[in-house]
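Please look through the sequence and the model shown below before reading on. The report then takes up one loop residue, the strands around it and the core.

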Amino acid sequence: MTAYVPGIVETDLKKIVLAIQGLAAGRSNAVGSVTLATGASTTIVSTPNAATGSTPILTPASANAATELGNGTLYVSAVTNGSFTITHVNSATPARTFLYAVLG
């Protein structure tokens with residue numbers, strides 16, 4: 001779910017109220033999905049919401065992703081402005097798909 005973001009010079013109070021209501025309802029532009037790279041031990045996720053100090057939260061969206069998470073070998077190894085890196089097992093297993101939210 002995406003959230004409406006009014007411009008910095010927005011003066012229409014209705015648009016500003018709608019943006020606040022969307023946030024209160026849980027809408028966010030800081031979410032996405034990623035499928036782990038096969039044959040590699042890291043996957044880089046490019047997202048404008050990531051910045052140094054942000055916290056990416058991963059949720060498995062497939063059985064293979066849940067298995068990867070359950071193995072204890074998956075973690076966020078770096079967060080920079082515009083991306084974060086997931087370190088994981090170098091595997092040929094397909095469809096290791098995660099949903100993510102970036103906070104902060």
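## A serine in a loop

Ser54 lies in the loop between β2 and β3, the latter strand covering residues 55-60. This is a predicted model, and what follows should be read with that in mind.

Is Ser54 buried or exposed? Its relative accessibility is 8%, and because buried means under 20% relative accessible area, Ser54 counts as buried. The side chain of Ser54 reaches the backbone oxygen of Gly104 at 3.2 Å. If neighbours within four places in sequence are left aside, Ser54 is in contact with Asn49, Val79, Val102, Leu103 and Gly104.

## The sheet that holds β2

Strands of a sheet pair through backbone hydrogen bonds, and they may do this in a parallel or an antiparallel way. On one side of the loop, β2 belongs to an open sheet of three strands, whose order is β2-β5-β4 and whose pairing is antiparallel. The edge strands here are β2 (42-46) and β4 (75-80), each of which pairs on one side only. From one strand to the next, the twist of this sheet averages 20°.

How many bridges join β2 to β5? There are five, and the two strands run antiparallel, with β5 made up of residues 83-87. One of the residues in this pairing is Ser46, whose bridge partner in β5 is Ser83.

## The sheet that holds β3

On the other side of the loop, β3 belongs to an open sheet in which three strands follow the order β1-β6-β3, again with antiparallel pairing. Its edge strands are β1 (31-35) and β3, and each of them pairs on one side only. Neighbouring strands of this sheet are turned against each other by 30° on average, with direction ignored.

Six bridges join β3 to β6, a strand of residues 97-103, and these two run antiparallel. Within this pairing, Leu58 has Tyr100 of β6 as its bridge partner.

## The nonpolar core

Leu58 and Tyr100 are also members of the largest nonpolar core, which has 12 residues in all, among them Val34, Val45, Phe84, Ile86, Phe98 and Val102. The elements that give two or more residues to this core are β5 and β6, and β6 gives the most, with three residues.

Which residues does the core member Val34 touch? Not counting residues up to four places away in sequence, Val34 touches Thr43, Val45, Ile86, Arg96, Thr97, Phe98 and Tyr100. Of these, Val45, Ile86, Phe98 and Tyr100 belong to the core as well.

Technical notes
Residues are numbered from 1 along each chain as its sequence is written. This is a predicted model: local features need pLDDT of at least 70, side-chain atom pairs count only at pLDDT 80 or more; totals for chains, interfaces and linings use all residues. Side-chain values use heavy atoms; hydrogens and water are left out. Two strands pair if DSSP finds at least two bridges between them. Helices (H or I, at least four residues) and strands (E, at least two) are DSSP runs, numbered from the N terminus. Axes are lines fitted to C-alpha atoms, for helices over the stretch in contact, and angles run from 0 to 180 degrees between N-to-C directions. Buried means under 20% relative accessible area, exposed over 50%, partly exposed in between (1.4 Å probe, protein chains only). A polar contact is a pair of N or O atoms within 3.5 Å; within protein, one must be able to donate a hydrogen and the other to accept it, and residues adjacent in sequence count only if both atoms are side-chain atoms. Contact means heavy atoms within 4.5 Å. A nonpolar core is a set of buried Ala, Val, Leu, Ile, Met, Phe, Trp, Tyr and Cys residues joined through side-chain atoms within 4.5 Å.
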